[in-house]
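Work through the exercises below with the model open beside you. Try each task before reading its solution.

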Amino acid sequence: MSISGSSWLKFGLFTVGLGQSFVFVLVPPLARDLGLSVIQTSSIFAISALAWALTSAFWGRASDKYGRRNIAILGLIGYAISLIALITPLFLAEKNILNITLLFPALVLGRLINGLLGSATSPATFAYMADITSKDDRTTQFARLESSFLVGTVAGPLIGGFLFLISNETPFYVFSFLGFIAACGIYLNLEKSNHIEAANNNIKISWHSETIWPFLAFAAILSLCQASLIQSIGFYITDSFNGLDNLPTLISMTFALLSISTIVSQYLFTDAFPMNNFNLLLFGTILLIFSYFTMAFFLTISVYYLSIIILGFGFG
């Protein structure tokens with residue numbers, strides 16, 4: 001029985017979720033133990049995130065010209081390479097093979113590959129789904145694509161935790177291999193979509209149009225909030241709850257609860273009890289503000305996890 005192309009796309013996003021979540025769980029404490037400062041470690045991810053933001057729109061336009069399949073494959077290959085390029089310097093530095101002064105630029109380069117090339121997968125995947133779905137069904141299908149990624153972020157720390165028992169590097173090599181498998185599956189099974197070539201489309205939408213810029217601004221603020229949380233969560237738990245045991249497990253639990261609550265939220269409000277887009281944005285924003293407030297001012301582990309669950313519902 002063959003697997004459909006759209007299923008391979010979802011598997012591709014799942015594999016990306018595996019690696020991304022595990023990177024945020026493992027790399028910050030490893031980098032700190034090897035002598036990098038909090039600012040240096042955060043900069044590794046910030047530079048990659050900036051590259052991601054600057055190139056995503058380019059890859060979306062490129063998928064119009066060169067095909068959704070080709071750009072999605074390029075993104076998965078870039079993601080898979082970046083995992084290897086990120087863990088290898090850490091492994092070499094641990095073994096005293098790589099000079100510690102070269103560790104920071106090596107990690108920046110490894111993560112930058114993900115920002116420049118790995119950013120191609122999401123816009124191409126969502127554009128493909130937009131091509132093959134009706135307007136009424138599109139929100140639901142987009143939510144399912146996002147859920148595939150989120151399931152990966154839940155499974156990443158869990159699977160990676162078992163693979164970590166073999167060695168620090170094993171999870172990264174396994175997740176990288178799965179990325180290559182997803183790229184091969186998309187190449188062999190994804191059919192071309194009936195999208196309109198951008199070059200032949202006479203309708204041009206400006207980013208500062210009154211119907212566009214408010215959503216861009218909202219998305220930018222939301223991405224800033226999400227990226228700030230994800231990049232700092234390892235340090236936050238380590239510094240705020242350093243009296244507790246098994247801090248890596250606590251960090252993994254954060255990603256698991258955040259992803260599960262987001263998936264549940266998407267199911268409830270797009271499938272079971274659908275809401276219109278305005279109400280989704282309004283109630284989601286209220287939940288986000290509330291969760292960040294409680295997380296900042298109530299420093300107990302129980303309130304922290306409750307805040308993470310509410311945050312997941314807001315993101316969903």
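The exercises go from the whole chain to single residues.

This is a predicted model, in which local features need pLDDT of at least 70, side-chain atom pairs count only at pLDDT 80 or more, and totals for chains, interfaces and linings use all residues. Residues are numbered from 1 along each chain as its sequence is written, and side-chain values use heavy atoms, with hydrogens and water left out.

**Exercise 1. The fold**

Task: State how many helices and strands the chain has, and check its compactness.

Solution:
- Step 1. Count the elements. There are eleven helices and zero strands. Both are DSSP runs numbered from the N terminus: helices are H or I with at least four residues, strands E with at least two.
- Step 2. Compare radii. The radius of gyration of the chain is 20 Å, close to the 20 Å from the globule rule for 316 residues, so the chain is as compact as a globular protein of that length. The radius is taken over C-alpha atoms, and the rule is 2.2 Å times the number of residues to the power 0.38.
- Step 3. Box the chain. Along the principal axes, the C-alpha atoms fill roughly 55 × 45 × 40 Å.

**Exercise 2. Inside and outside**

Task: Describe burial, contacts, surface and charge for the chain.

Solution:
- Step 1. Of the 316 residues, 43% are buried. Buried means under 20% relative accessible area, exposed over 50%, and partly exposed in between, with a 1.4 Å probe and protein chains only.
- Step 2. Take contacts with a separation of 6 or more. Residues 24 or more positions apart account for 80% of them. A contact means heavy atoms within 4.5 Å.
- Step 3. The accessible surface is about 16300 Å², and carbon and sulfur atoms own 69% of it. The method is Shrake-Rupley with a 1.4 Å probe; for residues, only the protein chains shown count as cover.
- Step 4. The chain carries 13 positive and 14 negative side chains, and the centres of the two sets are 9 Å apart. Lys and Arg count as positive, Asp and Glu as negative; His and the chain ends are not counted. Each charge sits at NZ of Lys, CZ of Arg, CG of Asp or CD of Glu.

**Exercise 3. Helix 5**

Task: Test the length of helix 5 and find its packing partners.

Solution:
- Step 1. Helix 5 covers residues 121-132, twelve in all; at 1.5 Å a residue it should span 16 Å. The expected span is 1.5 Å times one less than the number of residues.
- Step 2. Its end C-alpha atoms are 17 Å apart, which agrees.
- Step 3. Its buried residues include Pro-123, Ala-127 and Tyr-128.
- Step 4. The buried residues of helix 5 pack against helix 1 (5-33), helix 2 (38-66), helix 3 (68-94) and helix 6 (135-164).

**Exercise 4. Single residues**

Task: Is Val-16 buried or exposed? Place Asn-96 and Phe-269 as well.

Solution:
- Step 1. Val-16 is in helix 1. Its relative accessible area is 8%, so Val-16 is buried. Leaving aside neighbours within four places in sequence, Val-16 touches Leu-76, Tyr-79 and Phe-149.
- Step 2. Asn-96 sits in the loop between helix 3 and helix 4 (103-116). At 69% relative accessible area, Asn-96 is exposed. Its phi is near 60°, a positive value in a residue other than glycine.
- Step 3. Phe-269 belongs to helix 9 (residues 247-272). Phe-269 has 27% relative accessibility and counts as partly exposed. Beyond neighbours within four places in sequence, its contacts are Pro-274, Met-275, Leu-280 and Phe-313.
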